[in-house]
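Me: I'm new to reading protein models, and I'd like a close look at one helix and the parts that go with it. Please take me through it step by step.

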Amino acid sequence: MPSFRHDGCDFHYEFFGDGPRVLLFNGSGASIESSTPLITALAKTARVLVHDQRGLGRTSVPPGPYSMAGYASDGMALLEHVGWDTCTVVGISFGGMVAQEFAVTWPGAVEKLILMCTSPGGAGGASYPLHELLGLPADEAFDLRLRLSDTRFADAEWVASRPVESAIVEGMRVAATAASSKSEERLRGERLQLEARRGHDVSGRLHLVSAPTLVMAGRHDAIAPPSNSEFIASRIPGAVMRTYEGGHMFSAQDRKAILDIRAFLAGESLSGQPA
């Protein structure tokens with residue numbers, strides 16, 4: 001099982017697929033294991049490097065607090081460990097925040113940047129404060145997370161009529177049930193990650209990103225509203241913005257999303273496609 005140590009933390013990482021080099025930063029509470037669908041989709045045309053971020057998955061849970069700069073530094077340490085000087089950086093949700101921090105700190109290491117359902121913080125808008133869900137009763141927290149993930153999920157009949165969305169909701173339900181069996185150590189790591197989100201703000205530094213950038217948003221996402229992605233795209237020189245028919249999980253809801261990622265990685269222009 002590949003691992004490396006950095007800044008008091010033992011990291012688990014893995015490689016998937018072949019093709020252009022891609023470093024993937026996962027979302028809040030996500031591990032390599034729980035992100036299999038996205039990793040598999042990317043690995044069909046890319047060499048994907050992904051690690052369980054500090055506090056999550058098979059990575060250790062060092063004492064906090066954690067910071068966005070620290071998460072970005074972990075990513076750079078991983079690149080140095082595997083011997084990659086440059087690569088495409090992909091970040092989804094929380095991972096998109098880390099990817100922005102990474103790209104403004106080490107712009108020369110980023111060949112291309114793909115930001116999915118994320119936020120810049122500060123003047124550009126923050127993602128929903130998910131740490132606030134921790135104090136709610138389990139059923140209430142789950143219902144609110146559903147509505148935040150896709151505003152249409154509040155309509156049970158609509159969800160039931162759509163196989164993809166039904167599967168997503170069921171997956172969220174299973175994950176919520178499994179959370180009750182997590183160790184206190186693992187829950188501590190997830191809480192520390194959520195706390196780190198509160199200090200995220202790259203809104204005044206996005207102009208430092210020098211790589212070609214694709215910014216992707218779900219039209220019905222209430223965790224990272226499309227307006228936040230629009231701000232990101234407006235501040236990164238030459239960035240391309242795309243909005244998809246879905247919510248926070250639009251990459252599973254709209255097949256165009258993965259196709260656009262593959263086209264972007266291949267160097268194809270997306271300028272002729274409608275936003």
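What follows starts with one helix and then moves on to the sheet and the cores.

Reply: Happy to help! This is a predicted model, so local features need pLDDT of at least 70, side-chain atom pairs count only at pLDDT 80 or more, and totals for chains, interfaces and linings use all residues. Residues are numbered from 1 along each chain as its sequence is written, and side-chain values use heavy atoms, with hydrogens and water left out.

Let's begin with helix α3, residues 94–105. Helices here are DSSP runs of H or I with at least four residues, strands are runs of E with at least two, and both are numbered from the N terminus. The expected span of a helix is 1.5 Å times one less than its number of residues. For the 12 residues of α3 that gives 16 Å, and its end C-alpha atoms are 17 Å apart, which agrees.

Is this helix enclosed or open? With 11 of its 12 residues buried, α3 is largely enclosed by the rest of the structure. Buried means under 20% relative accessible area, exposed over 50%, and partly exposed in between, using a 1.4 Å probe and protein chains only. The buried residues include F94, A99, F102 and V104. They pack against strands β3 (21–25), β5 (87–92) and β6 (110–116), and also against helices α2 (68–82), α7 (184–197) and α8 (226–235).

One of those helices, α2, holds M76. M76 has 12% relative accessibility, so it counts as buried. Setting aside neighbours within four places in sequence, M76 is in contact (heavy atoms within 4.5 Å) with F102, W106 and A109. So where is M76 relative to S3? The two are 73 residues apart along the chain, and their C-alpha atoms are separated by 14 Å.

Now for the strands that α3 packs against, β3, β5 and β6. They belong to an open sheet of eight strands in the order β1-β2-β4-β3-β5-β6-β7-β8, with mixed pairing. Two strands pair if DSSP finds at least two bridges between them. Strands β1 and β8 (240–244) stand at the edges with a single partner strand each, so one side of each has no neighbour in the sheet. From one strand to the next, the twist averages 20°. Axes are lines fitted to C-alpha atoms, for helices over the stretch in contact, and angles run from 0 to 180 degrees between N-to-C directions. Helix α8 lies across β6, β7 (213–218) and β8, at about 170° to β7.

At the β1 edge, four bridges join β1 (residues 3–6) to β2 (residues 9–16), and these strands run antiparallel. S3 stands opposite H12 in β2. Two residues separate the strands in this hairpin, where D7 takes a positive phi near 50°.

Finally, the cores. A nonpolar core is a set of buried Ala, Val, Leu, Ile, Met, Phe, Trp, Tyr and Cys residues joined through side-chain atoms within 4.5 Å. In the largest core, of 44 residues, F102 is among those that touch the most other members, along with L23, L79, V89, L113 and I236. V89 contacts A99 and F102, among others, leaving aside its neighbours within four places in sequence. A second, separate core of 27 residues includes L38, A43, I92 and Y244. In soluble globular proteins, nonpolar side chains tend to be buried together.
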